[in-house]
Amino acid sequence: MLHVVHHADYIAPRPERGTFKFDKYYLVMEALRESGAAITEHAPTPMPREWLEAVHDPQYVDEVFRAEVPREKERRIGFPVTERIRDRVRHTNGGTWLAARLAQQHGYAANSAAGSHHALADTGAGYCVFNDLAVASHRLIAEGDATRILIVDLDVHQGDGTASLTAGREDIFTLSLHAEKNFPVRKARSSRDVGLPDAVDDDGYMEVLDRHLPAIIAEFAPDLVLYQAGVDPHVDDKLGRLALSDAGIEVRDNFVVRQARERGLPIASALGGGYGDNQREVAGRHARSMLEMARTNSSFPYPSS
């Protein structure tokens, strides 16, 4: 069973300015629904303003809520922040929090959007408005639903915003495995950064991931894992510089979920990056990723699953 969080507001109309395409979020759900797999859909509520302001600068949160984000910040984000975008990002942030809570019930759950790891305290960046990974982590810990959270970021781009927003916290560990020469040019400092050279293939990628992830879980001892499961390390990704195949993405996702579930840890995934001219093809990669993680989770008994 795949427990997936989705909301109609995830599919915002394309803004008049900017190049980001929002239609893949509809196509991901279409692919999941047509897969024949057992799926339960859950609708999130908007992330309350107080939890966004606990991580982001209240002035910036206010700019987003009024849909009056300064043009220089919108340029960093990559599109204008309209009222529909405001509603979207409140729901996607609520979606990652809900996916984490569902994972605590079922072992694994997915948010069909988000993974907005470039958003910083006082501005968005790189198609990210609010940082759902940092916001959800803060809320989960503050409300006593988790004590130590490991954020595993395997998007092809470094999770600079997440690293910055959680810096100095001993109860949140950030692992970023990314293409070193890719965006952002200026990297932040994660708890552990692993920059990969261009064109790393399936075997090279898994050798590095296997070297780091199990040891981090053993040493940090989290009680919850949040996984930024971007599919942009794929060899055909428009914005990636790595060379993973479809099978390599599957092996990666199986490995990450298995590392968590073998230790009895719940794991929730956020969609992350994936780019290409053929949006249906990209959406298919995301859908297969979530289905593979749900299949792996089904191998492990879990209360209420």
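This passage describes the nonpolar core, one buried helix face and one helix pair in a predicted model.

In soluble globular proteins, nonpolar side chains tend to be buried together. The largest nonpolar core of the model contains 89 residues. Within this core, the most contacts are made by Val-129, Phe-130, Leu-150, Tyr-205, Leu-209, Leu-213 and Met-290. For Leu-209, when residues up to four places away in sequence are not counted, the residues touched are Leu-154, Leu-177, Pro-214, Arg-252, Phe-255 and Val-256.

Helix H1 spans residues 24-34. Its buried residues are Lys-24, Tyr-25, Leu-27, Val-28, Met-29, Glu-30 and Leu-32. The elements that cover these buried residues include two strands, S1 (2-5) and S2 (39-42), and two helices, H5 (83-106) and H10 (279-297). After H1 comes Gly-36, which has a positive phi, near 85°.

Helix H5, which is among the elements covering H1, also packs against helix H6 (residues 132-142). The angle between H5 and H6 is about 50°, and their axes lie 9 Å apart. Because angles from 35 to 65 degrees are neither roughly parallel nor roughly perpendicular, H5 is oblique to H6. The crossing of the two helices is right-handed. On the H5 side, the contact is formed by Thr-92, Asn-93, Thr-96, Trp-97, Ala-100 and Arg-101. On the H6 side, Asp-132, Val-135, Ala-136, Arg-139 and Leu-140 take part. The residues of this contact comprise five nonpolar, three polar and three charged.

Key:
Residues are numbered from 1 along each chain as its sequence is written. This is a predicted model: local features need pLDDT of at least 70, side-chain atom pairs count only at pLDDT 80 or more; totals for chains, interfaces and linings use all residues. Side-chain values use heavy atoms; hydrogens and water are left out. A nonpolar core is a set of buried Ala, Val, Leu, Ile, Met, Phe, Trp, Tyr and Cys residues joined through side-chain atoms within 4.5 Å. Buried means under 20% relative accessible area, exposed over 50%, partly exposed in between (1.4 Å probe, protein chains only). Contact means heavy atoms within 4.5 Å. Helices (H or I, at least four residues) and strands (E, at least two) are DSSP runs, numbered from the N terminus. Axes are lines fitted to C-alpha atoms, for helices over the stretch in contact, and angles run from 0 to 180 degrees between N-to-C directions. Angles under 35 degrees count as roughly parallel, over 145 as roughly antiparallel, 65 to 115 as roughly perpendicular and the rest as oblique. A crossing is left-handed if the near helix is turned anticlockwise from the far one by less than a right angle, and right-handed if clockwise. Ala, Val, Leu, Ile, Met, Phe, Trp, Tyr, Cys and Pro count as nonpolar, Asp, Glu, Lys and Arg as charged, and the others, Gly among them, as polar.
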